[in-house]
Amino acid sequence: MKPAEHVLPRPTLRRLSNHVIDLIAAGEVVERPAAALKELAENALDAGATRLEISLLNGGCDRIEVTDNGCGMTPDDLVMAVERHCTSKLADESLTRIVTLGFRGEALPSIGAIARLGLTSRQHDADTAWMLRLEGGLLTPPVPAPGAPGTRVVVEDLFFATPARRKFLKSARVEGGHAEAVMRRLALSAPHCAMRFTLDERLVFDFPAQTLVERVQAVLGESDSLITLDEERHGLRLTGFVCGPAATRATAASQFLVVNNRPVSDPLLRTAIRVAYRPVIEPGRHPVLALHLQLPHDRVDVNVHPAKTELRFADEADVRGLMIGAIQRALGHGAGEGGVRMRFAAPARQNIQYPVSAPVRPEPGFLSSHETLVGIGASFTGRGCNSPGLLRRSRQFYAGSPSGHPAGCRSAWVFPAGSPGCPDF
Ligand SMILES: Nc1ncnc2c1ncn2[C@@H]1O[C@H](COP(=O)(O)OP(=O)(O)OP(=O)(O)O)[C@@H](O)[C@H]1O
Ligand SMILES: [Mg+2]
């Protein structure tokens with residue numbers, strides 16, 4: 001046999017330096033400013049913070065600052081906190097009962113490997129705060145510094161140490177949008193914690209400590225049409241709010257899923273939502289909802305994805321069944337019981353008008369005695385409509401039978417006062 005013409009040199013095995021290992025870990029964990037922000041805010045919540053202040057410059061690419069009033073750290077803690085694989089959060093080595101948001105001991109060293117990280121921290125009974133820096137992997141040991149009890153983390157020049165990654169950053173507006181989405185998810189998962197968020201000196205939100213209902217209303221802004229849901233089955237508990245079929249969006253950005261206090265974006269849960277809403281919303285539209293699933297910690301594995309946003313459930317069928325059944329029962333069409341599905345009649349083209357400034361309510365008499373209001377729509381695709389602007393300002397009420405009566409669901413359009421009436425579509 002002819003010998004190969006180009007024989008590659010035998011590859012040499014070598015041990016990677018800690019710095020390269022940190023850069024690789026950072027590649028997984030810190031994809032963009034929003035990911036670094038998520039790690040810092042999660043650390044604050046894990047530290048028991050009841051108040052979080054967050055400010056970003058240039059979408060977080062230039063500066064991310066997170067200040068909390070949590071338990072704080074000693075100077076020795078600070079040094080360990082930026083060391084790879086050091087964590088205070090794993091009580092045992094089995095990884096079966098993870099009750100904190102973090103557990104990998106990787107976020108801070110990863111961020112400090114690719115950016116300029118400054119940590120200032122003070123325990124509540126300490127006389128002074130201590131400050132440490134880690135810039136592109138170079139550590140400056142802690143020195144006393146002014147600072148209130150709690151921790152302040154500043155991340156500057158994200159990816160300055162990995163310029164190739166910096167090139168992938170999008171505009172400040174896009175990166176800021178991702179950061180805002182991350183913070184809204186965390187805000188929903190921890191309503192007990194006051195949160196103030198500013199983006200390039202613009203106040204995005206300032207939530208006081210709230211009940212779950214108040215926080216959901218503040219984040220979703222759908223206070224009129226929230227339907228409460230609270231069901232338990234086989235040790236799983238699903239609570240939260242769904243909006244009726246008329247309050248849909250073009251993307252899934254208004255779907256908030258929290259599992260054991262962790263905001264997640266899990267494919268199994270997303271599919272269950274799609275299935276639950278399939279009978280009642282147009283293909284391509286996404287419902288608005290905020291759901292919290294609680295289950296025993298040993299029935300869910302959170303160690304599946306470096307960003308910890310995907311899960312593996314021990315009882316997938318139970319989770320899926322509870323999600324689909326509970327959402328459908330909440331929507332009031334009872335498809336979870338006996339396969340009854342709500343059918344929409346074509347919207348009645350009524351020309352009920354309301355003053356634009358007044359809260360939108362259905363006309364007296366819109367609901368008959370066997371019906372409840374199952375949804376108030378504020379958005380419509382406007383497909384085929386000759387007046388999309390007017391449709392955007394319209395509302396649609398959906399009336400349905402609370403018992404899931406097969407008679408289905410009626411709806412009526414409502415248009416702003418003074419509008420020429422129902423547009424053609
Ligand atoms: N804001 C904070 N307040 C108090 N302690 C903190 C704070 N941030 C970090 N720490 C301490 O630093 C340690 C390391 O944080 P880091 O985020 O790197 O890892 P982790 O949270 O343990 O795990 P993960 O990598 O999954 O986030 C934490 O375990 C915690 O003890
Ligand atoms: Mg962490």
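**Partly exposed residues and helix packing in a predicted model**

With 15 other C-beta atoms within 10 Å, Asp157 is classed as partly exposed, a value that, like those that follow, was computed from a predicted model. Asp157 belongs to the loop that runs between strand E6 (150-156) and helix H5 (163-166), and its phi angle is near 50°, which is a positive value in a residue other than glycine. A positive phi near 50° is also found at Asn58, again in a residue other than glycine. Asn58 is located in the loop between strand E1 (51-57) and strand E2 (63-68), and because 16 other C-beta atoms lie within 10 Å of its own, Asn58 counts as partly exposed.

For the chain as a whole, ten helices and 21 strands are assigned, and 40% of the 425 residues count as buried. Where contacts between residues at least 6 apart in sequence are considered, 69% of them join residues at least 24 apart.

Helix H6 (residues 172-189) takes part in packing with helix H7 (residues 212-220) and also with H2. The 18 residues of H6 should span 26 Å at 1.5 Å a residue, and the C-alpha atoms at its ends are indeed 26 Å apart, so the expected and computed values agree. Buried positions in H6 include Glu175, Gly176, Ala179 and Val182, and the list continues through Met183, Arg184, Arg185, Leu186, Ala187, Leu188 and Ser189.

The axes of H6 and H7 come within 9 Å and cross at roughly 165°, and the two helices are therefore roughly antiparallel to each other. Their crossing is left-handed. On the H6 side the contact is made by Arg184, Ala187 and Leu188, and on the H7 side by Arg215, Val216 and Val219. By class, these residues divide into four nonpolar and two charged, with no polar residue in the contact of H6 with H7.

Between H2 and H6, the axes come within 8 Å and cross at roughly 25°, so that these two helices are roughly parallel to each other. H2 passes H6 in a right-handed crossing. The residues that H2 brings to the contact are Pro33, Ala34, Leu37, Lys38 and Ala41, and those that H6 brings are Glu175, His178, Ala179, Val182, Met183 and Leu186. The contact of H2 with H6 comprises eight nonpolar residues, one polar and two charged. Among the H6 residues in this contact, Glu175, Ala179, Val182, Met183 and Leu186 are also listed as buried.

A further helix pair is formed by H8 (residues 267-277) and H9 (residues 316-331), which pack at an angle of about 35° with their axes 9 Å apart. The crossing of H8 and H9 is right-handed. In H8, the residues Leu268, Leu269, Ala272, Ile273, Val275 and Ala276 meet Glu316, Val319, Arg320, Met323, Ile324, Ile327 and Gln328 in H9, and the contact holds ten nonpolar residues, one polar and two charged.

Two residues of this helix pair, Leu268 and Val319, are also touched by Phe313. Phe313 is placed in strand E17 (residues 312-313) and counts as partly exposed because 19 C-beta neighbours lie inside 10 Å. When residues up to four places away in sequence are not counted, Phe313 touches Arg299 and Val300 in addition to Leu268 and Val319. The C-alpha atoms of Phe313 and Val302, which are eleven residues apart along the chain, are separated by 8.9 Å.

Val204, a residue of strand E8 (residues 202-207), is likewise partly exposed, with 18 other C-beta atoms within 10 Å. Leaving aside neighbours within four places in sequence, Val204 is in contact with Glu180, Phe197, Thr198 and Leu199. Although their positions lie 149 residues apart along the chain, the C-alpha atoms of Val204 and Ser55 are separated by 9.7 Å.

Helix H4 (residues 107-114) is mostly covered, since eight of its eight residues are buried. These are Ala107, Leu108, Pro109, Ser110, Ile111, Gly112, Ala113 and Ile114. The elements that cover the buried residues of H4 include helices H1 (18-29), H2 (33-46) and H3 (75-81), together with strands E3 (116-122), E4 (129-135) and E6.

Conventions. Residues numbered from 1 in each chain as written. Chains lettered and ligands numbered in written order. Predicted model: local features only at pLDDT ≥ 70, side-chain atom pairs only at ≥ 80, totals over all residues. Helix = DSSP H or I, 4+ residues; strand = E, 2+ residues; numbered from the N terminus. Buried ≥ 20, exposed ≤ 12 C-beta atoms within 10 Å, placed from the backbone. Contact = placed C-beta atoms within 7 Å. Axes fitted to C-alpha atoms, helices over the stretch in contact; angles between N-to-C directions. Parallel < 35°, antiparallel > 145°, perpendicular 65-115°, else oblique. Left-handed = near helix turned anticlockwise from the far one by under 90°. Nonpolar A, V, L, I, M, F, W, Y, C, P; charged D, E, K, R; others polar. Expected span 1.5 Å × (residues − 1).
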